[in-house]
Amino acid sequence: MAETDTLSAPLPIIDIRNVSKTFWLGEQKIEALSGANLQIRKGEFICLIGASGCGKSTLLRIMAGFEQPTAGEALMWGKPITEPGPSRGMVFQDYALFPWLTVRNNIAFGPKSQGRSTGEVKDICDRFIEMVGLQKFANAYPHQLSGGMRQRVAIARVLANDAELVLMDEPFGALDAMTRERLQDELLEIWERTKLTVVFVTHAIEEAIFLADRVVVMSPGPGRIDSDNRLTLPRPRDVASPEFNEIRRDLSARLHSHHAKKAA
Amino acid sequence: MVDVTSSAPAADEAPPRKASLPHLGKARDFALAMIVPGLLLLLWYVATTQRWTRLIPTPGETAEYMVDFAFGGIYDDAFSATLHIHLLASMSRVYGGFLLAAMVALPLGLLIGRIPLARKTLDPFFQLMRPIPVTAWLPLSMILFGLGAKSAFSLVFLGAFYPILLNTIFGVKNVDPKLFEAASMLGCRGNAQFFRVVLPAALPSIFTGLRLGLGLAWFVIVVGEMTGVPQGLGAVIMDGRTLSRTELVICGMIVIGIVGYLSDRIVMMIGNHLLRWSPTHHG
């Protein structure tokens, strides 16, 4: 594990420059994010980790274009992110599938919005339904699926739209442990195959270490980026190995030191 | 392609399936549903045959009269074999008024639910008008439209209007904000979201409004037809009372009950088909 290099490199896919975000809750001003800096290279798998209120979801929503920074700049390929768009796909914790559309039509939603032809849409859907292994459920409605299957649909929906950057907001948080592990494996496999860039928000240290190239630790009050840790552990990673545990201990200490500071 | 029902739910979160004999279950449901009406019929029978009351006819007399009302050939009076005329008159007012109400209330509801300016302009007005019961409109509608079919029609319209309007507004205003975010990150933005997100998401609520509206239309028709129209089930009931023909009153009530029920079932079947995607919408 080493701190991220700050050497000059090609244009980053995402460049977060000194970004702050404040909300007003009635009269109370809340600093969700304060002076965050983060550069993400194409093809990287980044995990944002931290206690609730550390601004990790806010940062993700700024990258998605759902929120605008109060100060600073959020750039994609050097251009400001001003609104949500198909190049940045979001996978929500509660899936946010369209309940009135079948699995196939949920996946088709993006390509149809781009004005693809019926034939193209069909091909795209077939490909991504197969990628997430839901061939048997192509014509089922979301409420007929398990949580894990719904999240597969949500992932396929974003991939079908040719997203370069996949933003995931605690996507597996609502799933049981078994399903969660299976989806982690599947996600890594898809990531390796498609060369996507993934930003994955989680509060589970183990999940972050299992998945990420870089684990970005954030801390609350005000939300800020605390440390940026590059993991060089080869994949597939063994959660029971001593190396894995060493990293976990280290990250855990970083996370908890902030809790202690905050409580004091 | 695999069909939806057979490929449904996932193994790990499968909802409990119904017992293996669906026909037996249906027969049992039907038997249970018949207990209360059966008991009431028995009470009616006993009360009239034992002469507890002489004000209402026996079930047998009523049934006989119903046959005459529908097909004639028993009493052959002014009401024999006129059921279809009255039924058609009432149905045309109910469905005409209902359709007109839907045609006005749906677009208005979509406007009020989606456009803040429309909401601020129109919502207070409708909130003020809403507490006025349909029956309170009766005298005014008689003054405006005279005694007759127009008056009945306008009351049905008013009765069906509010449930459709309010449920449409509710449905359109309460779309899960996440779905807008999901649509916009998939490249569907602005006005395109109206047809692809707002309308389908509001459909269950809109449907509830239509169903309530149609129910109220049947409810109001009797009142509406008491305003001196010559035909219609409401008119039959009122004439029956004036002429002291209680069996006619009861026959009219039964017909309204049955037709209103069937009409509701049809709307519900359409709804269940259109909303088969919705886990909460099964009637």
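Here is a walk through a predicted model with chains A and B, taking the contact between the chains before a few spots inside each one.

Let's begin where the two chains touch. Chain A puts 32 residues into the contact, and chain B puts in 23 residues. On the chain A side, the elements that supply two or more residues are β7 (88-91), α2 (103-113) and α4 (147-159). If you sort that side of chain A by class, you get 17 nonpolar, 11 polar and 4 charged residues.

One of those elements, α4 of chain A, deserves a look of its own. Helix α4(A) has 13 residues and spans 19 Å from its first C-alpha to its last, which is close to the 18 Å expected at 1.5 Å a residue. How many of the residues of α4(A) are buried? The count is 12 of the 13, so the helix is largely enclosed by the rest of the structure. Among the buried ones are A:Met149, A:Arg150, A:Val153, A:Ile155, A:Arg157 and A:Leu159. As for what lies over them, the cover includes β7, α2, α3 (118-131), β8 (165-169) and α5 (177-194) of chain A. Two names there may ring a bell: β7 and α2 also give residues to the side of chain A that touches chain B.

Now pick out strand β4 (residues 45-49) of chain A. Here 5 of the 5 residues are buried, so this strand too is largely enclosed by the rest of the structure. Both of its faces are covered, with A:Phe45, A:Cys47 and A:Ile49 buried on one side and A:Ile46 and A:Leu48 buried on the other. Which strands does β4(A) pair with? One is β9 (residues 197-202) of chain A, in the parallel sense and over 5 bridges; in that pairing, A:Leu48 has A:Val201 as its bridge partner. Another is β10(A), again in the parallel sense, over 4 bridges. There, A:Ile46 is bridged to A:Arg214.

Follow chain A on from β10 and you come to some backbone details. In the loop between β10 (214-219) and β11 (224-230) sits A:Pro222, and the peptide bond that joins A:Gly221 to A:Pro222 is cis, with omega at about -10°. A second cis peptide bond links A:Arg235 and A:Pro236, this time with omega at about -5°. You'll find A:Pro236 in the loop between β11 and α7 (242-263) of chain A.

Two other residues of chain A are worth a glance for their phi angles. A:Asn18, which lies in strand β2 (residues 14-25), has a positive phi of about 50° although it is not a glycine. Is A:Asn18 buried or exposed? It has 12 C-beta neighbours inside 10 Å, so it counts as exposed. A:Trp77 is not a glycine either, and its phi is positive as well, near 45°. Its place is in the loop between β5 (71-76) and β6 (79-80) of chain A. Because A:Trp77 has 14 C-beta neighbours inside 10 Å, it counts as partly exposed.

Over in chain B, let's turn to helices that pack against each other. Two packed helices are described by the angle between their axes and the distance between the axes. Take α9 (residues 192-224) and α11 (residues 246-274) of chain B: their axes come within 10 Å and cross at roughly 170°. Angles over 145 degrees count as roughly antiparallel, so that is the label for α9(B) and α11(B). Where they meet, α9(B) brings residues including B:Leu203, B:Phe207, B:Leu214 and B:Trp218, while α11(B) brings residues including B:Ile256, B:Val267, B:Met268 and B:Leu274. By class, this contact has 10 nonpolar, 4 polar and 2 charged residues.

For another pair, try α4 (residues 83-114) and α10 (residues 233-242) of chain B, which pack at an angle of about 125° with their axes 7 Å apart. These two helices are therefore oblique to each other. On the α4(B) side the residues are B:His86, B:Leu87 and B:Ser90, and they meet B:Leu233, B:Gly234, B:Ala235 and B:Val236 of α10(B). That contact has 4 nonpolar, 3 polar and no charged residues.

A last stop in chain B is B:Glu64, in helix α3 (residues 59-71). With 15 C-beta neighbours inside 10 Å, B:Glu64 counts as partly exposed. B:Ile74 is 10 residues away from B:Glu64 along the chain, and their C-alpha atoms are separated by 8.1 Å.

Conventions:
Residues numbered from 1 in each chain as written. Chains lettered and ligands numbered in written order. Predicted model: local features only at pLDDT ≥ 70, side-chain atom pairs only at ≥ 80, totals over all residues. Contact = placed C-beta atoms within 7 Å. Nonpolar A, V, L, I, M, F, W, Y, C, P; charged D, E, K, R; others polar. Buried ≥ 20, exposed ≤ 12 C-beta atoms within 10 Å, placed from the backbone. Expected span 1.5 Å × (residues − 1). Axes fitted to C-alpha atoms, helices over the stretch in contact; angles between N-to-C directions. Parallel < 35°, antiparallel > 145°, perpendicular 65-115°, else oblique. Pairing = 2+ DSSP bridges.
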